[in-house]
Amino acid sequence: PPAEALDRLASAPETPDALAALSEALVGARLERLVVVDATPSAAVAARHADWLAAGVAVVTPNKAATAVPAADWRRAQAAARTGEVPYLYESAVGAGLGVVARLRDLLRTGDTVHAI
């Protein structure tokens, strides 16, 4: 219930077991459309993105731990999104909330060459 959300969130355990249980519940839900909004700075939560995506759970996140990973991990998450046929939406902010990723993507799509960032 919405009235209980803040109290329940404050008392929620922050353990690997709790994250594993959440993952099992998400994947096991078998809902037609399921989206995780990861607004944490947690590397542990970000490490679950590829598994969720592969299971058909869309992920939306500004979590920098999800995008500041080795290239192989990044490719794994992108491939998982294609496998699960769900969107993986991410954005990073630099200075006063200026969105960088979407702007860079738009530049590349229009044929511009980026020399430096």
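**Salt bridges, sheet and pocket in a predicted model**

In this predicted model, a salt bridge joins the side chains of Glu 32 and Arg 33, with an N to O distance of 3.6 Å. Glu 32 has a relative accessibility of 69% and is therefore classed as exposed, and Arg 33, at 70%, is likewise classed as exposed, because the cut-off for that class lies over 50%. A search of the whole structure returns 3 salt bridges, and the remaining pairs are described below.

A salt bridge is also found between the side chains of Arg 76 and Asp 51, where the N to O distance is 3.0 Å. Because Arg 76 belongs to helix H6 (residues 71-84) and Asp 51 to helix H4 (residues 49-54), this pair ties together parts of the chain that are 25 residues apart in sequence. Arg 76 is partly exposed, its relative accessible area being 45%, and Asp 51 is also assigned to the partly exposed class, at 40% relative accessibility.

In the salt bridge between Arg 109 and Asp 106, the closest N and O atoms are 4.0 Å apart. Both residues lie in helix H7 (residues 101-109), and since they are 3 residues apart in that helix, about one helical turn separates them. Arg 109 counts as exposed, with a relative accessibility of 63%, whereas Asp 106, with a relative accessible area of 36%, is partly exposed.

Turning to the overall architecture, the secondary structure of the protein consists of 7 helices and 5 strands, which follow one another along the sequence in the pattern α-α-β-α-α-β-α-α-β-β-β-α. Taken along the principal axes, the box filled by the C-alpha atoms is roughly 50 × 35 × 25 Å. Of the 117 residues in the protein, 24% are buried.

An open sheet is formed by 3 strands, which are arranged in the order S1-S2-S3 and paired in the parallel sense. Its edges are occupied by strand S1 (35-37) and strand S3 (88-90), each of which pairs on one side only, and from one strand to the next the twist averages 10°. Strands of a sheet pair through backbone hydrogen bonds, in either a parallel or an antiparallel arrangement. In the present sheet, S1 and S2 run parallel and are joined by 3 bridges, while strand S2 (residues 58-61) pairs with S3, again in the parallel sense, over 3 bridges.

Individual bridge partners allow the register of these strands to be followed at the residue level. Val 37 has Val 60 as its bridge partner in S2, and Val 60 in turn has Leu 89 as its bridge partner in S3. A further bridge into S3 is that of Thr 61, whose partner there is Tyr 90.

The second largest pocket encloses about 180 Å³ of space. It is lined by 13 residues, of which Ala 46, Ala 47, Ala 66, Val 69 and Asp 73 are the closest to its centre. Several helices contribute to this lining, with helix H3 (43-46), H4, helix H5 (64-67) and H6 each supplying at least two residues. The largest share, amounting to 4 residues, is provided by H6. Helices H4 and H6, which contribute to the pocket lining, are also the elements that hold Asp 51 and Arg 76, respectively. In terms of residue class, the lining of the second largest pocket comprises 10 nonpolar, 1 polar and 2 charged residues.

Helix H5, one of the elements that line this pocket, also contains Ala 65. The relative accessibility of Ala 65 is 24%, and this residue is therefore counted as partly exposed, since the buried class is confined to values under 20%. Although Ala 65 and Pro 41 are 24 residues apart in sequence, their C-alpha atoms are 6.4 Å apart in space.

Terms used
Residues are numbered from 1 along each chain as its sequence is written. This is a predicted model: local features need pLDDT of at least 70, side-chain atom pairs count only at pLDDT 80 or more; totals for chains, interfaces and linings use all residues. Side-chain values use heavy atoms; hydrogens and water are left out. Buried means under 20% relative accessible area, exposed over 50%, partly exposed in between (1.4 Å probe, protein chains only). Two strands pair if DSSP finds at least two bridges between them. Axes are lines fitted to C-alpha atoms, for helices over the stretch in contact, and angles run from 0 to 180 degrees between N-to-C directions. On a 1 Å grid over the protein atoms alone, a cavity is a set of points where a 1.4 Å probe fits but cannot get out, and a pocket is an open set with protein on both sides within 12 Å along at least five of seven lines; lining residues have an atom within 4 Å of a point. Grid points are joined across faces, edges and corners, and a volume is the space filled by probe spheres set on the points. Ala, Val, Leu, Ile, Met, Phe, Trp, Tyr, Cys and Pro count as nonpolar, Asp, Glu, Lys and Arg as charged, and the others, Gly among them, as polar.
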